[in-house]
Amino acid sequence: MNRKPSESAVDRLIALASDEKPGSKPDNGKGNAPKDLEAVPVFGEAALDLEHNPMWKALLQFRALLPYVSRLLDMSRGEATPALTAELQHSVSDLANSQRELRIVVQEQLVQMKHIEEEITRTREATERNASDNAEVVEDVRSMQSTVRKAAFSVGALLLVLIGLLIWVLIRVR
């Protein structure tokens with residue numbers, strides 16, 4: 001692999017790791033390929049399974065950050081290239097633009113949520129008003145029912161009294 005002057009050792013290691021395919025055997029530069037390496041037990045553990053170790057899985061999640069960390073280390077040593085700083089400035093401006101867009105979207109959603117909240121409040125007030133109106137109507141219907149029952153009972157009683165008087169008059173007239 002050809003070494004570029006702006007490339008650090010970490011970048012070369014990352015490039016080597018990403019270029020290597022699982023089925024291929026890398027050439028060590030002398031024409032002969034090294035044998036596959038076997039896992040070495042640590043501290044006497046015969047079966048150390050790194051793929052199922054939660055700590056190893058957590059560390060593997062950070063491997064995507066390695067290129068950025070290596071670039072930051074290069075920049076901290078003063079080895080920043082103009083292309084790297086331009087790329088970094090471009091990334092920062094992209095982040096600022098996306099943050100601005102997100103802020104606008106969030107503000108729009110807040111306005112929509114306030115409108116929805118106002119609509120819910122108006123709906124709740126209308127529902128409570130309708131419920132109280134319905135309760136008054138039910139009370140009016142019940143009082144009307146009792147009034148109609150009393151009137152029907154009175155008319156029925158008067159009818160019975162009238163029939164009784166007619167029978168009495170018919171018996172008395174003979």
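This is a short talk on the helices and two surface patches of one protein model.

Okay, so a quick one from me today. Keep in mind that what you see is a predicted model. The protein has four helices and zero strands, and if you read along the sequence you just get α-α-α-α. How much of the protein is buried? Buried residues come to 4% of the 174 residues. As for the outside, the accessible surface adds up to about 16100 Å², and carbon and sulfur atoms account for 62% of that.

Now, the nonpolar patch. Which residues form this patch on the surface? We've got Met55, Trp56, Leu59, Leu60, Phe62, Leu65, Tyr68, Val69 and Leu73, and together they have about 910 Å² of accessible area. The elements giving two or more residues to it are α2, which runs 54–61, and α3, which is 66–76. Of the elements, α2 gives the most, four residues.

Let me stop at Leu65 for a second, one of the residues in that nonpolar patch. Where does leucine 65 sit? Look in the loop between α2 and α3. And is it buried or exposed? Somewhere in the middle: leucine 65 has a relative accessible area of 43%, so it counts as partly exposed.

Last stop, the charged patch. Asp133, Glu136, Glu139 and Asp140 make up a negative patch on the surface. To find it on your screen, go to helix α4, residues 82–173, which is where aspartate 140 is placed.

So, to recap: a nonpolar patch with α2 as the top contributor, and a negative one that includes Asp140. That's it from me.

Note on methods. Residues numbered from 1 in each chain as written. Predicted model: local features only at pLDDT ≥ 70, side-chain atom pairs only at ≥ 80, totals over all residues. Heavy atoms only, no water. Patch = residues over 30% accessible without salt bridge, like charges linked within 9 Å, V, L, I, M, F, W, Y side chains within 5 Å. Areas by Shrake-Rupley, 256 points an atom, 1.4 Å probe, with all protein chains shown as cover. Salt bridge = Lys/Arg side-chain N within 4 Å of Asp/Glu carboxyl O. Lys, Arg positive; Asp, Glu negative; His and termini not counted. Charge placed at Lys NZ, Arg CZ, Asp CG, Glu CD. Buried < 20%, exposed > 50% of the residue type's maximum accessible area, 1.4 Å probe, protein only.
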